[in-house]
Amino acid sequence: MVTAFLTDTTLCIGCKACEVACKEWNQVPSDGCTFTGFSYDNTAGLGHSTWRHVKFVERMFDGASAEPAGLSRASGSEPRGYRSNAFRWDFSSDVCKHCEHAGCLEACPTGSIVRTEFGGVYIQPDVCNGCGYCVVTCPFGVVDRRPDDGRAFKCTFCYDRQKAGLQPACATACPTESIVFGEIDELRVRAYARIEELRARGIEDAVVYDPQDTSVGGTHAIFVLRGRPEEYNLPSKPEVPTVHLRDGWTGAAVGAGLILFGTLAAFIGTSLTNPGTNPGNSSRALRASRER
Amino acid sequence: MSDYYGLPTLKQPVWTWEVPAYFFVGGAAGAAATIAAAARMAGGRPELVRDARWIAAVGGAISPPLLIGDLGRPERFLNMLRVFKLQSPMSVGAWTLVAFSNAAGAAAFADWIDRATGGRVPVRVIGNAAETVAAATGLVLSTYTGVLIGATAIPVWSDNVRVLPVHFGASAVGAAVSILELLGHRDPALNLLGAGAAAVETLVGASLELSSREALVPLKQDWTGAVVRAGGVLSGPLPLALRLMAGRSPSARKAAAVSTIVGSLLTRVGWLAAGRESAART
């Protein structure tokens, strides 16, 4: 079965049970104790030791210009509160996207990163040698190298739990079904049905985030968001870096051709114009130098 | 800067100083192997061929320790040779480096045996064959590093994926020529080749300066921009001008060589640092 997460941010209450469940099940070490000042979140983002992260998106609305949809207006009547300095929190539990075309997997030179039978992208910790190439080839900024360990880490999609027929720890712990785990096609249908439902309720800015129209080709972590993906630190047009390979190797071929042609031209050209400076071929010259 | 508290979307490269150092050493070694083969085929001086082979061999010997030193788990370096993946420039590079280091070492060793035994041991054919393999893999070695960083999610790198292999290749040729010149070689072909590399570097630098794409900001601002620009001037227009005067002034040629080597090194350091800066700006 090809599986996926559907993370519905409109249901998330920001309890961070998913973060804790992930840490506990996967025995992920501490990700530090810092004060970011970013809302009520001090974890900031995904990393080598944070495989689930709840984002706290604070939305302030100034006066009547941009009130939070669905809250402020009863149908057709006068605005119902929240008129000035209205505030809303959007919580979003972020995770590795498990891309259909995964930059990290393509780039990994050791074959440590593999596609599992569930469709997830998995780093085999016994193979990874910490080259760091996956860090720069992830278009979502998910993978990172753990400094004291030396290897790259990210969400495993709870491969061990899935193998045993269990749901990932985060989805199991989620108290509001904001994180749903299941068969990917069913979840895609469910995501778009949820958008319809939300829009019918007047939440017009609800969107599905599943970049199927980019080179990433869709993800195994689908999101229901409100507003633009950038407001959740998600790229609206993620690209798998392998799309640059054709241009890159073409450039390398041009470069190699220039080097080969230039080097040959320089030596043949000067030997033709100054026959005295390049005496004969090497073996003859070697013999000549020995005779001297 | 993202809309989410200005936090970057992408992670910064974790690569340390060994990576730009390898880009320089491996690139120069690869270009030196090509110079050795071209010089021999064109009937160049055997001393030049010998030294070019040795530069390739020494560079091919230094490069693996640099790359291994950068790994998070250096003891697992052999895992690089577990698989061969065409879609991973790092995998292609690892295999290329293995082939290059062996071939370049064999070519230099064969030259040494040939000289030490006065040609009595028939190693010249093996040496020349190894030199050809080193030249072919050297062409890849001096250019693929541009593909390596170009085929990533880092904006300043991927934005320049077409030009980076040519840029790094020209930088490699300039460095190899200059090292040979500092070893005392004064062949006119080297000056000509160095001038050609400096001309390409000048064109690359000009095209980057004339473009105002958003992704190029780390190449122009702050200390990363200063390093990239210094590297560009020192390996482009400055040595080009000096090499055009080299016929009259031998010291100009030496200055060009020193300038090119420093410029080539700064270019790699600058581009790697610009990648970190670029990721921080996402």
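Select helix α6 of chain A in this predicted model, and then add its packing partners: the buried residues of α6(A) pack against β1 (3–8), β8 (179–183), β9 (206–209) and β10 (221–226) of chain A. The residues to show as sticks on the helix are Ile184(A), Leu187(A), Ala191(A) and Leu198(A), which are buried. Because they cover an arc of only 50° around the axis, they lie on the same side of α6(A).

Turn next to the other side of α6(A), where Asp185(A), Val189(A), Ala193(A), Glu196(A), Glu197(A) and Ala200(A) are exposed.

With the helix still selected, compare its ends: the 17 residues of α6(A), residues 184–200, should span 24 Å at 1.5 Å a residue, and the end C-alpha atoms are 24 Å apart, which agrees. Following the chain beyond the helix brings you to Gly202(A), whose phi is positive, near 95°.

Now select chain A as a whole, which has eight helices and ten strands. Buried residues make up 47% of its 292 residues, and, of the contacts in chain A with a separation of 6 or more, 61% are accounted for by residues 24 or more positions apart.

Finally, bring in chain B, of which 68 residues are in contact with 67 residues of chain A. To find the side of chain B that touches chain A, select α1 (18–41), α2 (46–70), α3 (89–116), α4 (124–141), α5 (144–150), α7 (163–182) and α8 (188–210) of chain B, each of which supplies at least two of its residues. Coloured by residue class, that side of chain B divides into 39 nonpolar, 19 polar and ten charged residues.

Conventions
Residues numbered from 1 in each chain as written. Chains lettered and ligands numbered in written order. Predicted model: local features only at pLDDT ≥ 70, side-chain atom pairs only at ≥ 80, totals over all residues. Helix = DSSP H or I, 4+ residues; strand = E, 2+ residues; numbered from the N terminus. Expected span 1.5 Å × (residues − 1). Buried ≥ 20, exposed ≤ 12 C-beta atoms within 10 Å, placed from the backbone. Arc of directions from axis to C-beta. Contact = placed C-beta atoms within 7 Å. Nonpolar A, V, L, I, M, F, W, Y, C, P; charged D, E, K, R; others polar.
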